[in-house]
Amino acid sequence: MYENILFEKKDGVAYLTLNRPDQLNALNGAVLKELDDALAAIDGDAEIRVLVVRGAGEKALAAGADITEMQSMEAEAGMAFGAFGQKVFAKIEALRQPSIAMIPGFALGGGCELALACDIRIASEKARFGQPEVGLGITAGFGGTQRLPRLVGRGAASLLLFSGNMIDAAEALRIGLVDKIVPHDALAAEVSALAEGIARQARCAVQQTKRCIRHGLESGLESGLSYEAQAFGLCFSTKEQKDRMRAFVNRRR
């Protein structure tokens, strides 16, 4: 079905894999188009409770956008390419299901921006991060200038975005760019265990929690609390809430 990505489902988890290992999973127009199609299918699939985004091979989530494709672009084509990348990554952020980025090695440029669009980032000890676009004469174009400051703060984001420097996993954890570092050989198992654990939780509760977090970050505390109260109440209308609370009470008797 796809030429540049792999898509599989297992135990309520969707695994979306960038499949260009010889190019370190570089993001070109064809990859983005396939991601766009796959994300639309994931969002509408009630069986999928969690998404894992990863790259083929051991070296990279994605080493960036495909420079070979970008080098001949003029301003109009560059703007369209950036806007489409933003649209695709915004789909990840807006999914009903929570998403986890699995980062074994390089997550540079568009690869870092892909990770930023996910809810959780788990990295190998060998992972490396950066926004090197300024060295190529361009800005970050797939959301890096917006999501990175919101995640790590203005200063830490500016340091990465202005310098083009690369940082290791430990520094990424220190500034809040990643949420957890695990041994390289344990990365796949750790991410799968986390995803499967989330998938076992109540679907409505997890999805409403994601919506609450996003709404609160995009609004103020008062609005966020009001939204949370509505989500809290909505969960009481589900069969899953009734079954889970009944089972909990019965276990305590």
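This is a short talk on two domains, two helix pairs and some salt bridges in one protein chain.

A word on the source. The model is predicted. Please keep that in mind throughout.

Let's start with the layout. The domain assignment splits the protein chain into domain 1, residues 5-200, and domain 2, residues 203-252. Their C-alpha centres are 28 Å apart.

Now the interface. How many residues of domain 1 are in contact with domain 2? It is 12 residues of domain 1, against eight residues of domain 2. About 880 Å² is buried between domain 1 and domain 2. Carbon and sulfur atoms give 42% of that area. Which residues of domain 1 lose the most area to domain 2? They are Arg49, Glu93 and Arg96. Together they make up 52% of what the domain 1 side buries.

Next, charge pairs. Two salt bridges are counted between domain 1 and domain 2. Take Arg49 again. Its side chain forms a salt bridge with that of Glu240, at 3.6 Å, N to O. By the position of the domain bounds, Arg49 falls in domain 1 and Glu240 in domain 2.

The overall count is 18 salt bridges. One of them joins the side chains of Arg54 and Glu8, at 2.9 Å, N to O. This pair links distant parts of the chain. Arg54 sits in strand S3, residues 50-55, and Glu8 in strand S1, residues 5-10. They are 46 residues apart.

On to helices. Two packed helices are described by the angle between their axes and the distance between the axes. I have two pairs.

Pair one is helix H3, residues 75-94, with helix H4, residues 110-117. The angle is about 25°, and the axes are 8 Å apart. Angles under 35 degrees count as roughly parallel, so H3 and H4 are roughly parallel to each other. H3 contributes Phe89, Ile92 and Glu93 to the contact. H4 contributes Gly110, Glu113, Leu114 and Ala117. The tally for this contact is four nonpolar, one polar and two charged. Note Glu93: we met this residue at the domain interface too.

Pair two is helix H9, residues 203-218, with helix H10, residues 221-235. Parallel or antiparallel? The axes cross at roughly 170° and come within 9 Å. H9 and H10 are therefore roughly antiparallel to each other. From H9, the contact includes Cys204, Cys212 and His215. From H10, it includes Tyr227, Leu234 and Cys235. The contact of H9 with H10 divides into seven nonpolar, five polar and two charged residues.

That's it from me.

How values were computed: Residues numbered from 1 in each chain as written. Predicted model: local features only at pLDDT ≥ 70, side-chain atom pairs only at ≥ 80, totals over all residues. Heavy atoms only, no water. Axes fitted to C-alpha atoms, helices over the stretch in contact; angles between N-to-C directions. Helix = DSSP H or I, 4+ residues; strand = E, 2+ residues; numbered from the N terminus. Parallel < 35°, antiparallel > 145°, perpendicular 65-115°, else oblique. Contact = heavy atoms within 4.5 Å. Nonpolar A, V, L, I, M, F, W, Y, C, P; charged D, E, K, R; others polar. Domains from an automatic or database assignment. Buried area = accessible area lost by both parts, 1.4 Å probe. Salt bridge = Lys/Arg side-chain N within 4 Å of Asp/Glu carboxyl O.
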